[in-house]
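Got your viewer open and a hand on the mouse? Let's take a short walk through this structure, one selection at a time.

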Amino acid sequence: MKMDSMIFDVDGTLWDATEIVATAWTKAIRQEYDPQATVTSSQLRGLFGKLLPDIAAQLFPREEKDRQMELIHICCEEEHRALLDAPEAPIFPGLEDTLKVLSEKYKLYIVSNCQAGYIEVFLQRTGFSHYFLDHLCPGDTGHPKGDNIREIIQRHHLESPVYIGDTAGDCQASREADVPFVHASYGYGQVESADFTISQVTDLIKIF
């Protein structure tokens, strides 16, 4: 297929930070909300990819919306610190070699349903900023993933991008933005109607 660019999700596609984030969120919630609370990596795999207010509502269902958002932002602040301090970035095997090869042929971008600052943490912790030309998230724009994919396309005058993600929500956002979807099946979700499927990140080199 003719293609000029790739737009990537982060969690479950470029790295798996759930172990680090689960520890960070548990620490924050125990300090700020419930001393007995525990957040697990498996729990986060079911939450990542959702918009932050939706995650907050699931974690703190008894709280008012303002308090939910206050708590989730505290979790995110602790998460950023933990990721930057981690001994190693939790990237998927072969990611840097894959990005190096792809960036020589395609323009690379990131669009994720995360909070402001998270993509920057990913780029800082991995040192991969030079592979990506731009990025967007709801924390930056206030818009969901489908709209942000469209914004990247319009901003950079992309003619034939694909979106790479790991969940049904990623697939739906791709459909909303009218771009082909590549399912990273090694990630967190099941997808029934992907245009392409990869079982490891290095498969992108073989397919494209």
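A salt bridge is a side-chain nitrogen of Lys or Arg within 4 Å of a carboxyl oxygen of Asp or Glu. Keep that cut-off handy for the first stops. One thing before we start: what you're looking at is a predicted model.

**Stop 1: Asp 170 and Lys 145**

Select Asp 170 and Lys 145 and show their side chains. These two form a salt bridge, and their closest N and O atoms sit 2.5 Å apart. Now colour the helices: Asp 170 belongs to α9 (residues 168-177) and Lys 145 to α8, so this pair links distant parts of the chain, 25 residues apart. Are the two residues buried or exposed? Both Asp 170 and Lys 145 are buried.

**Stop 2: add Asp 9**

Keep Lys 145 on screen and add Asp 9 to the selection. Here is another salt bridge, with 3.3 Å between the closest N and O atoms of Lys 145 and Asp 9. Lys 145 is in helix α8 (residues 145-155), while Asp 9 is in the loop between β1 (5-8) and α1 (18-32), so the pair ties together parts that are 136 residues apart in sequence. Asp 9 is buried, and so is Lys 145. With three residues showing, you've got a little network: Asp 9, Lys 145 and Asp 170 are linked by salt bridges.

**Stop 3: Asp 134 and Arg 155**

Next, pick Asp 134 and Arg 155. Their side chains meet in a salt bridge, at 2.7 Å from N to O. Asp 134 lies in strand β3 (residues 134-136) and Arg 155 in helix α8, so parts that are 21 residues apart in sequence get tied together. How do the two compare for exposure? Asp 134 is buried, with a relative accessible area of 15%, whereas Arg 155 is partly exposed, at 38%. If you feel like hunting for others, the structure holds eleven salt bridges.

**Stop 4: the largest pocket**

Switch on a surface and look for the largest pocket, which has a volume of about 240 Å³. To find its centre, select Gly 49, Lys 50, Thr 167, Ala 168 and Gly 169, the closest to it of the 20 lining residues. Then highlight α2 (41-47), α8 and α9, the elements that give two or more residues to the lining. Which element gives the most to the lining? That's α9, with five residues. Finally, try colouring the lining by class: you should count seven nonpolar, nine polar and four charged residues.

Methods
Residues are numbered from 1 along each chain as its sequence is written. This is a predicted model: local features need pLDDT of at least 70, side-chain atom pairs count only at pLDDT 80 or more; totals for chains, interfaces and linings use all residues. Side-chain values use heavy atoms; hydrogens and water are left out. Helices (H or I, at least four residues) and strands (E, at least two) are DSSP runs, numbered from the N terminus. Buried means under 20% relative accessible area, exposed over 50%, partly exposed in between (1.4 Å probe, protein chains only). On a 1 Å grid over the protein atoms alone, a cavity is a set of points where a 1.4 Å probe fits but cannot get out, and a pocket is an open set with protein on both sides within 12 Å along at least five of seven lines; lining residues have an atom within 4 Å of a point. Grid points are joined across faces, edges and corners, and a volume is the space filled by probe spheres set on the points. Ala, Val, Leu, Ile, Met, Phe, Trp, Tyr, Cys and Pro count as nonpolar, Asp, Glu, Lys and Arg as charged, and the others, Gly among them, as polar.
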